[in-house]
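Work through the following exercises with the sequence and the structure side by side, and try each task before reading its solution.

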Amino acid sequence: MESESPQQPDHNAGPVESPEPLSKNARKKLLKQQRWEAKKAEKKAMIKEHKKREAERKKREWEEKLGSLGSEEERQKLIESRKGLRKERMEKRCEEKESKLERLNNARVNGHNIVIDLEFSHLMNPAQLNSLVQQIMYCYAVNGRCPCPARLWLTGCQGEMQSQLQRLPGYEKWVIDKESRPYVEAFQHQKDNLVYLTADSETELDDLDPKKVYIIGGMVDRNRWKGITLKKAKDQGIQTAKLPIGNYLKMSSSQVLTVNQVVEILLKYLETGDWKASFFQVIPQRKRCGTGSEDNEHDTEEEVDGEGDELEMKRQCIETQGP
């Protein structure tokens with residue numbers, strides 16, 4: 001059997017081109033991305049370690065409690081009591097999940113339509129995409145807990161955004177409409193009912209019409225793309241409106257609302273019919289200067305800011321796994 005001759009180098013091939021050096025702006029973005037990834041890994045390790053310590057602490061407390069009892073009969077009684085409490089909690093969770101599922105399915109028939117427009121994903125970096133995914137997760141959780149849930153839609157859900165959402169535990173079971181098509185195609189027979197919520201609109205939202213489809217721009221770092229949603233809506237020939245925030249409170253300068261805050265405001269209004277109560281219950285104090293109707297500046301935005309509310313969001317975001 002003949003052995004294969006070693007491959008000879010191609011002397012006719014041209015010189016290997018060295019990659020072009022990164023621009024100053026590109027280097028800054030790369031460093032920012034690397035810092036974000038390192039911070040994320042560090043935070044994940046800290047959470048894991050905290051959970052481990054908590055589990056060990058609870059185990060020690062339980063063993064000490066059992067050891068403090070004088071007889072085996074008392075210990076067995078305590079163990080059975082603990083099992084009973086666990087069973088009650090499990091039954092209560094099952095009932096809550098069934099009730100939530102029923103409300104969400106009813107909303108798909110009778111609920112107001114709220115759309116999160118994901119067609120801006122290509123304008124965001126991985127950190128911003130991750131932030132938006134967390135906000136969407138919170139939107140779903142809040143809607144599930146709401147006594148009057150809306151019918152939530154994700155439109156233009158493709159590419160990396162879709163991949164990140166699919167990595168969420170239980171996402172495939174969410175009772176939410178997932179559309180790869182843009183909203184103008186998903187609602188092509190209801191174009192007259194489409195309303196894009198943007199603070200740049202000259203029309204103020206008075207009430208929520210069950211026949212309308214309310215669209216929220218899914219974007220982080222909104223300030224870099226001032227007026228982008230208004231222009232998009234005008235180019236498509238659809239209506240626009242802004243939340244009547246300025247009639248009830250003053251916003252601090254350069255502060256905007258996240259996607260989840262806008263969704264929660266709409267849900268609160270569906271529940272209470274009161275804009276003022278909805279704004280004050282949802283908008284954080286740090287974003288408010290005070291009350292009054294004289295200040296109706298465009299400092300308020302119905303889209304989304306950066307990641308300032310993400311920690312608070314994660315603390316509240318429960319019941320997102322499964323339906």
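**Exercise 1.** Is Asp200 buried or exposed?

*Solution.* The model is a predicted one, and each step below is read from it. To begin with the position, Asp200 lies in the loop that runs between strand 4 (194-197) and strand 5 (213-217). The next step is the relative accessible area, which is 16% for Asp200. Because buried means under 20% relative accessible area, Asp200 counts as buried.

**Exercise 2.** Find the residue whose side chain meets that of Asp200 in a salt bridge, and state which parts of the chain the pair ties together.

*Solution.* The partner is Lys226, and the N to O distance in this salt bridge is 3.4 Å. Lys226 lies in the loop between strand 5 and helix 6 (228-236), whereas Asp200 lies in the loop between strand 4 and strand 5, so the pair ties together parts that are 26 residues apart in sequence. The side chains of Asp200 and Lys226 are also joined by a polar contact of 3.4 Å. As a general background to this pairing, side chains of opposite charge can pair when their charged atoms come close.

**Exercise 3.** How many salt bridges does a search of the whole structure find, and which residues do shared partners join into one network with Arg57?

*Solution.* The search of the whole structure finds 13 salt bridges. Take Arg57 and Glu54 to start with: they form a salt bridge in which the closest N and O atoms are 2.8 Å apart. These two residues are 3 residues apart in helix 1 (residues 24-67), which means that about one helical turn separates them. Now turn to Glu61, whose side chain meets that of Arg57 in a salt bridge of 2.8 Å, N to O. Arg57 and Glu61 are 4 residues apart in helix 1, and they too are separated by about one helical turn. As for accessibility, Arg57 is partly exposed at 29%, Glu54 is partly exposed at 28%, and Glu61 is partly exposed at 41%. Returning to the salt bridge between Lys226 and Asp200, we can set beside it the network in which salt bridges that share partners join Glu54, Arg57 and Glu61.

**Exercise 4.** Which residues gather in a patch of positive charge on the surface, and which gather in a patch of negative charge?

*Solution.* The patch of positive charge is made up of Lys65, Arg82, Arg86, Arg89 and Arg93. Helix 2 gives the most to this patch, with 4 residues. Arg89, which has its place in helix 2, counts as partly exposed, with a relative accessibility of 45%. The patch of negative charge on the surface gathers Glu88, Glu91, Glu95, Glu96 and Glu98. To look at one of these residues, Glu96 is found in helix 2 (residues 72-110), and its relative accessible area of 43% makes Glu96 partly exposed.

**Exercise 5.** Where does Gln190 lie, and what distance separates its C-alpha atom from that of Lys211?

*Solution.* Gln190 lies in the loop between helix 5 (183-186) and strand 4. With a relative accessible area of 33%, Gln190 is partly exposed. Gln190 and Lys211 are 21 residues apart along the chain, and their C-alpha atoms are separated by 9.2 Å.

Definitions and conventions: Residues numbered from 1 in each chain as written. Predicted model: local features only at pLDDT ≥ 70, side-chain atom pairs only at ≥ 80, totals over all residues. Heavy atoms only, no water. Buried < 20%, exposed > 50% of the residue type's maximum accessible area, 1.4 Å probe, protein only. Polar contact = N/O pair within 3.5 Å; in protein donor to acceptor, adjacent residues only side chain to side chain. Patch = residues over 30% accessible without salt bridge, like charges linked within 9 Å, V, L, I, M, F, W, Y side chains within 5 Å. Areas by Shrake-Rupley, 256 points an atom, 1.4 Å probe, with all protein chains shown as cover. Salt bridge = Lys/Arg side-chain N within 4 Å of Asp/Glu carboxyl O. Lys, Arg positive; Asp, Glu negative; His and termini not counted. Charge placed at Lys NZ, Arg CZ, Asp CG, Glu CD.
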